[in-house]
Amino acid sequence: MENQNNPDQQDNSYGKIHTPPPPPIQEPTVNDVPPLKPSNWLWQSILVTILCCIPFGIVAIIYATKVDSFYFRGQYEEAERSAQKAKMWVFISIGAALLYVILWIIMFLTGNLPEYMENIIENNASGYNF
Amino acid sequence: MHKGVKIGIGAAIILLIIAALYIFYTFNPEMQPLFPKCPFLLATGYECPGCGSQRAIHSLLHFNVGAALRYNAFMVLALPYIFLGIYQEYLGGKKRHPKIGKFFFGRWSAIAILLIIVAFWVGRNLI
């Protein structure tokens with residue numbers, strides 16, 4: 001931003017006294033045209049909280065609530081950063097759940113399931129099979 | 001992202017969802033050891049906000065809403081909300097009903113949902 005005009009000025013104004021450009025005034029431009037509100041990943045984080053079973057989803061929801069609060073306070077950069085973190089935690093949650101399911105299937109196939117599952121299998125065999 | 005890649009990812013996700021729904025319809029998670037148990041419950045002995053979702057989905061697919069509510073009431077009540085979110089984001093709902101989006105996915109609703117989830121989490125372990 002600051003150095004945008006410098007190269008041209010230096011090339012053209014050889015020998016003249018170079019006055020430094022005025023410092024960029026950021027606040028008014030930001031207030032005039034606020035950036036688009038980033039997606040807050042709220043429903044996605046709720047979905048992973050429900051389905052992925054690992055409380056990473058809660059972290060995602062906390063960041064999702066921050067996105068809108070920051071945005072309406074005018075802290076657009078923080079809002080964007082919270083949106084990125086909400087997104088990150090949604091994907092961490094999905095990844096962890098996928099990993100867990102794969103691990104579970106491997107344990108199932110190799111017969112290393114935890115004890116309580118064997119109880120269910122036994123009950124099932126003695127009771128009603130379908 | 002390239003448009004073809006996006007469509008491919010979407011198609012793969014839809015196929016996965018259909019396959020998962022078929023599995024959840026055919027097998028009962030309460031009887032089958034194939035369904036993974038919640039790691040949070042295994043580790044701590046307390047239920048997380050998502051515990052019971054698999055059984056609830058199975059019950060819902062068999063139109064047994066009462067049982068689904070008993071397994072995980074929050075999930076059943078959150079499903080319409082999630083469908084609304086999908087509609088808003090992918091099916092053009094944002095342009096057609098911007099006010100609905102602002103109301104349900106805005107600042108206060110996000111905080112309200114966080115409070116509801118925490119309350120549900122604590123409550124289901126106390127009762």
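This passage walks through the helices of chain A, the contact between chains A and B, and some features of chain B.

The model is predicted, so local features are described only at pLDDT of at least 70 and side-chain atom pairs only at pLDDT 80 or more, while totals for chains, interfaces and linings use all residues. Residues are numbered from 1 along each chain as its sequence is written, and chains are lettered from A, with ligands numbered from 1, in the order in which they are written.

A good place to begin is chain A, whose secondary structure comes to six helices and zero strands; here helices (H or I, at least four residues) and strands (E, at least two) are DSSP runs, numbered from the N terminus. Of the 130 residues in chain A, 28% are buried, meaning that 20 or more other C-beta atoms lie within 10 Å of a residue's own; 12 or fewer make a residue exposed, and values in between make it partly exposed, with C-beta atoms placed from the backbone. Two residues are in contact if these C-beta atoms lie within 7 Å. Among contacts in chain A between residues at least 6 apart in sequence, 57% join residues at least 24 apart.

Within this chain, the axes of α3(A) and α5(A) come within 10 Å and cross at roughly 25 degrees. Axes are lines fitted to C-alpha atoms, for helices over the stretch in contact, and angles run from 0 to 180 degrees between N-to-C directions. The two helices α3(A) and α5(A) are therefore roughly parallel, a term for angles under 35 degrees. Where they meet, α3(A) brings Q44(A), S45(A) and V48(A), and α5(A) brings A86(A), V90(A), S93(A) and I94(A). These residues divide into four nonpolar, three polar and no charged; Ala, Val, Leu, Ile, Met, Phe, Trp, Tyr, Cys and Pro count as nonpolar, Asp, Glu, Lys and Arg as charged, and the others, Gly among them, as polar.

Turning to the partner chain, the contact takes 30 residues from chain A and 26 residues from chain B. On the side of chain A, α3 (42-51), α4 (56-72), α5 (76-110) and α6 (115-126) each supply at least two residues, and the largest share, eight residues, comes from α4(A). By class, this side of chain A has 24 nonpolar, five polar and one charged residues.

In chain B, just one of the 24 residues of α1(B) is buried, so this helix lies largely in the open. Elsewhere, A67(B) is placed in helix α4 (residues 65-90) of chain B. A67(B) counts as partly exposed because it has 14 C-beta neighbours inside 10 Å.

Notes. Angles under 35 degrees count as roughly parallel, over 145 as roughly antiparallel, 65 to 115 as roughly perpendicular and the rest as oblique.
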